[in-house]
Amino acid sequence: METFADYMLAEENYIKKIEIAYYLSKRERLFFDKSVIFKTELARMFIDTMKLNVDRNLVITACLLYACRKSTNPSDLSKIKSYAKDGAEYLELLGFDEKFCTICEQANRYTNVEPRTSEGDILELVDQLGGMMVDREERRGFPLDEAIVLLEHRNLKNYNNIYLEKFKEFINKFCSLSPSLTVNKIRLSFLSSAVYCDWKGCYG
């Protein structure tokens, strides 16, 4: 019998995959907002631009689903620390295998799941950078240059992420494509991708 995991992983169309995740969130009351799409797009661009040798479909699917149990209350510290683990456990019920659930749980280091996976390291980078760049109710998003510094020297200071240097190179490549842009405009260029702005679901 086909599971939701089989259905989701078999879908190769990027937009349709986003729609599946969105409608699942509506049906099951899961977390899904425009930051999810932004982080997924950031991961897709990183993999494609840097030609990373990872399972692209697995990473994109994980990006869309790993935060499914995230709380909308930023002051709920217990949920902030547990949502990746809670999400992984929920996704297992939907038929996703241990590897996929491990990748999702490795989006942050609160449970310190070892050994680290390459896909988990990508999730960590886009979750950290994307989380800082996106506007929140309590603050404006960080400028790209400030976010990168914080990512390297604060958030991941005591951790080894195998793609950190590649990720910084990717950001520099993106910036070099539009040398006349200010840092803030570069940030807005990320945020105004066609997928991010035009897909109605991210505002639903």
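The legends below describe close-up views of a predicted model.

**Figure 1. The whole protein chain of the predicted model is built from helices, with zero strands.** Eleven helices make up the secondary structure of the protein chain. Read from the N terminus, the elements run α-α-α-α-α-α-α-α-α-α-α. The protein chain has 204 residues, of which 50% are buried. For contacts between residues at least 6 apart in sequence, 60% join residues at least 24 apart. The accessible surface is about 10700 Å², and carbon and sulfur atoms account for 50% of that area.

**Figure 2. Helix α4 is largely enclosed by the rest of the structure.** This description applies because eight of the ten residues of α4 are buried. The buried residues are Leu 58, Val 59, Ile 60, Thr 61, Ala 62, Cys 63, Leu 64 and Leu 65. Their cover includes α1 (4-10) and α2 (14-28), together with α3, α5, α6 and α7.

**Figure 3. Phe 167 and Phe 170 form a tilted aromatic pair in helix α9.** A search of the whole structure gives eight aromatic pairs. In the pair shown here, the ring centres of Phe 167 and Phe 170 are 5.9 Å apart and the planes meet at 35°, so the pair counts as tilted. Both residues belong to α9 (residues 164-177), and because they are three residues apart, about one helical turn separates them. An α-helix has 3.6 residues a turn, so residues three or four places apart point the same way. Phe 167 and Phe 170 are both buried. Ring pairs also join these two residues with Phe 46 and Tyr 163 in a cluster.

**Figure 4. Arg 69 lies over the face of the Tyr 90 ring.** The distance from Arg 69 to the ring centre of Tyr 90 is 4.4 Å. Tyr 90 falls within helix α5 (77-93).

**Figure 5. The largest pocket has a volume of about 1000 Å³.** Its lining consists of 31 residues, and those closest to the pocket centre are Lys 70, Pro 74, Gly 131, Arg 136 and Glu 138. Helices α3, α5, α7 and α8 (144-155) each contribute at least two residues to the lining. The largest share, five residues, is supplied by α7.

**Figure 6. The loop between α6 and α7 holds a cis peptide bond and a residue with positive phi.** Most residues other than glycine have a negative phi, and most peptide bonds are trans. The bond from Glu 114 to Pro 115 is cis, and its omega is near -5°. Pro 115 is in the loop that connects α6 (98-105) with α7 (118-133). Asn 112 lies in the loop between α6 and α7 as well. Although Asn 112 is not a glycine, its phi is positive, near 50°. With a relative accessible area of 44%, Asn 112 is partly exposed.

**Figure 7. Lys 51 is an exposed loop residue with a positive phi.** The phi of Lys 51 is about 50°, although this residue is not a glycine. Lys 51 sits in the loop between α3 (34-50) and α4 (56-65). Its relative accessibility is 70%, and because the cut-off for exposed is over 50%, Lys 51 counts as exposed.

Key: Residues numbered from 1 in each chain as written. Predicted model: local features only at pLDDT ≥ 70, side-chain atom pairs only at ≥ 80, totals over all residues. Heavy atoms only, no water. Helix = DSSP H or I, 4+ residues; strand = E, 2+ residues; numbered from the N terminus. Buried < 20%, exposed > 50% of the residue type's maximum accessible area, 1.4 Å probe, protein only. Phe/Tyr/Trp six-rings, centres within 6.5 Å; stacked < 30°, edge-to-face > 60°. Lys NZ or Arg CZ within 6 Å of the ring centre and 35° of its normal. Contact = heavy atoms within 4.5 Å. Areas by Shrake-Rupley, 256 points an atom, 1.4 Å probe, with all protein chains shown as cover. 1 Å grid on protein atoms, 1.4 Å probe; cavity = no way out; pocket = protein on both sides within 12 Å on 5 of 7 lines; lining within 4 Å. Points joined across faces, edges and corners; volume = space filled by probe spheres on them.
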